[in-house]
Each structure stands twice: as C-alpha cells, then as structure tokens.
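Colleague: I should like to go through this structure with you, from its overall form down to single residues. Please set out the reasoning behind each value.

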Amino acid sequence: MRTPHVARSFLPSILGRLSLATSGLALVLLLEHSSGSFAIAGAITAVLGIANVVATPIRARLIDRHGQTRVLAALGLTHAASLVALGVLVDAGLPTLVVVALISGASSPPFGASMRVLWSTALPAGPGRSRGFSLDAVAEEVTFAIGPLLVALLAVLVEPFTSLMFSAGCVALGTLLFVLSPLSRRQLGSREHGAEAGTSRARSPLRSPGFPVVVVAMIAPGIILGCIEIAAPAIARTESHTMLAGILLALFAGASAVGGLLYGRLSLRPRLERQLLALVILLVIASAVSGLIGGTLAALIGFAVSGLFLAPLLILGYLAADARTDPRVRTEASSWINTAVNLGASLGAALFGALVDPTSPGIALALSAALALAIALVCAPRLLGGQRIGTNS
C-alpha cells in the first residue's frame, strides 16, 4: 500500500466491489418481498449472473485494447442506472425484469480484474505481488462480510429498495474515483501501445497451456458461492429472522478473509493445481455436510468453515492467470477466473432456487454441492498431472 498511487486505485476498487457484495442480497430481498417467491428471485439473479458471465471476456478485451478509463466509466454508469431501474421496475413483470437484469449483468464493471492488472504493473513478480493479490482477495471478502450486514440492516430499518440504491451509489462513486487514479489512467490499452511499438497480437489466455483446466475447475467454488447467496435468506425465512441472512453471509465472507490471510502467510510445496483441487473438495464437503445436518447452528458453522476455503481458491486462480498467460492480456486472463466463478454462481443460484421450494434449504444446498463435486472430479486428472505453475508466498 506504500507503493506510489496504489492506495488511490485500490480503495476505490473496493468501494466499487462493495456494490457487488450488496446488490445480490438486496435484489433477492427486494424480489422476494415483491413476489413472495425465491424461485423468481433466483431466476432473476441467475439471468443477471449469466449476462455477467457472457460479457466478462468481452469487457476485458475492450479494457485490454482501449484502456481502463473510457471503458470502465461507461460500464460503471450503465450498471448503476440498471440497478436503479431494477428497484423502480420491481413490479413491472418478469419480462421487463429479465431485460433490465441482462443489461445490469452485462455492464458490471470488472473492478477486481482491473485492479489485479494494476497490482501486476505496480509490484514486481514474486512474494510482493503474491501478497498484493492476497490483500486484494482478503479486502474483497471483507466487503462481502460488511455488505450483507448493511443490506440486511437497511432492509429491516427502511426497506429492500434502499439497499439496492446503496449498491447503485457504491458502483457509481467507486467507478469515478478509480478511473481518475493515476495508475488506472496509465492503462492505455494494447491498441495504443501496439500502434507505437508495432508488436504482434497477444495470444488468447484460453490457448495458454495449463490455464483452461484451472478456469473450468473454478466453476465448482462458484456453484457453492451462488447457492450460499440464496441459501442465507432462505434459511433466514425458515427461522423467521431477516437479519440472519446478513449474519450468515457476513460469517461466510469474514471466514474467507481469514482464510486468505492465513494462506498468504504459508509457503506450500504442492503444485498450485493440486492445492486448488484439494481446497475445492474441502469446500464442497463442508457445504454438503452442513446442509445435510440442517438447522441454524449447522448453517452458522458450515458457512464459517466453507468460507475459509473461498479466498485461497480465488488467490490460486489469480496467480495461475498471472503466471500462465501473456502479460498483454492480463485483464482478460484474470476475468476468465471471474467468469468461471460467476458462471458457477449463476448455476448454483438457479439450481438452489429451483430445489429449495419443494425441499428445504439444507437439502437444496447438499444437492447443489454434488454438482460442484462432479466438476472438480472431472478436472482432477488434468489438475493432478498438470505442469508446475509455481508456489505462493
């Protein structure tokens, strides 16, 4: 953080990501309050997430090519406006909500991927950069710990609509401050640099050896993440305690931050691919067991234990993206990790939403975890036999 201009980029990026930490729960609470159905809330959340997934590599390529300032500014303003529209049009009917959710998901600014490019630019490769990624992942998890509590508190004290407007404000202000920071303004894009240097076109990250299997494997923790975002308010409804949703999500995110800090202090010998596989399996087991046991206490413990594995998994994915791909496409490479996680989250939210009404939150969580385990097992042979990426510091 003492590196010149890092704080002026990092802090606004966290403010922008606070919107991501609050908009999901705010939207679920608002839609459930309006429609009375978690199936509708899960469906709209899934539409938004899928649009985000589809647009993620496109947004990243635009940023890598044209620079951060213009692209991020346009995305941030559009996304903020779409969140406001979702709140205003909540009773307008499902087709209208789907269209606005598509716009909202497609315009979500990639603050995380953009900031990780700045970490790579400002810090030399090695332990310092790994700590920068760890700090970034931990700070992001802190926003996901604070954000749900703020959303639940605003929903109880005022109304869910206020929570969604808070999210819109965070993304608008965060975008403005981030694109005005010196490090961000220096990211002019490969189009300008390539024209000046006459360099060849960078290879797509998905053509880099060993990277695609990491991307696919990251879908599994995304599934659990998507389930938990819907499971928390579903469990809270079962217990007739709205604040419990914020507590559960805050516990999950807070434990993830602790896990990221602990992981950043370790120097593990196994290949990153093997670490990734082991942590995914532990995450799936913790989620499934807590769901099968059921009850508030099991949920509290299960969310906490599951959260310990999330930030380390994200750090592993980002380190792989940084080490395995062409530096000229770092935004796209890092975004593919986000794409995989968001795709998994969308699948998890839709699956859990479809299962929770006819069964129970615990059973729905356990069944959804089975899908995450299946994806991890499919990737296992390649992860176990892959080339060495490196070690973390």
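Modeller: Let me begin with a definition: the radius of gyration is taken over C-alpha atoms, and the globule rule is 2.2 Å times the number of residues to the power 0.38. This is a predicted model, in which local features need pLDDT of at least 70 and side-chain atom pairs count only at pLDDT 80 or more, while totals for chains, interfaces and linings use all residues. Residues are numbered from 1 along each chain as its sequence is written, and side-chain values use heavy atoms, with hydrogens and water left out.

Colleague: What radius of gyration does the chain have, set against that of a compact globule?

Modeller: The C-alpha trace spans about 60 × 45 × 35 Å along its principal axes. For 393 residues, a compact globule would have a radius of gyration near 21 Å; the value for the chain agrees with this, being 20 Å.

Colleague: How many helices and how many strands are there in the chain?

Modeller: Both are DSSP runs numbered from the N terminus, helices being H or I of at least four residues and strands E of at least two. On that basis the chain has zero strands, and its helices number 16.

Colleague: What percentage of the contacts in the chain between residues at least 6 apart in sequence join residues at least 24 apart?

Modeller: A contact means heavy atoms within 4.5 Å. Of the contacts in the chain between residues at least 6 apart in sequence, the share that joins residues at least 24 apart is 84%.

Colleague: What percentage of the residues in the chain is buried?

Modeller: Buried means under 20% relative accessible area, exposed over 50%, and partly exposed in between, with a 1.4 Å probe and protein chains only. Of the 393 residues in the chain, the buried part is 57%.

Colleague: Which residues have the most contacts inside the largest nonpolar core?

Modeller: A nonpolar core is a set of buried Ala, Val, Leu, Ile, Met, Phe, Trp, Tyr and Cys residues joined through side-chain atoms within 4.5 Å. In soluble globular proteins, nonpolar side chains tend to be buried together. The largest core here has 102 residues, and those with the most contacts inside it are Leu86, Met218, Leu276, Phe303, Ile337 and Phe352.

Colleague: Which residues are in contact with Phe303, leaving aside its neighbours within four places in sequence?

Modeller: Phe303 is among the residues with the most contacts inside the largest nonpolar core. Beyond four places in sequence, its contacts are Ile228, Ala231, Ala232, Ile235, Leu248 and Phe252.

Colleague: Is Ser104 buried or exposed?

Modeller: Ser104 belongs to helix α4, residues 94-106. Outside the four places on either side in sequence, Ser104 touches Leu48, His79, Ser82, Leu83 and Leu86. Because its relative accessibility is 0%, Ser104 counts as buried.

Colleague: In helix α7, what is the relative accessible area of Thr175, and what is that of Leu176?

Modeller: Thr175 lies in helix α7, residues 160-179, and touches Leu72, Ala73, Gly76, Pro109 and Phe111, residues up to four places away not being counted. Leu176 is also placed in helix α7; its C-alpha is 8.1 Å from that of Gly76, 100 residues apart in sequence. Thr175 is buried at 5%, whereas Leu176 is partly exposed at 47%.

Colleague: Where is Leu188 found, and what is its relative accessibility?

Modeller: Leu188 sits in the loop between α8 (182-185) and α9 (190-197). Its C-alpha is separated by 9.6 Å from that of Arg70, 118 residues apart along the chain. Leu188 counts as partly exposed, with a relative accessibility of 40%.

Colleague: Which residues does Cys379 touch, not counting those up to four places away in sequence?

Modeller: Cys379 is in helix α16 and counts as buried at 4% relative accessibility. The C-alpha atoms of Cys379 and Met218 are 9.9 Å apart, with these positions 161 residues apart along the chain. The residues that Cys379 touches are Val213, Val216 and Ala217.
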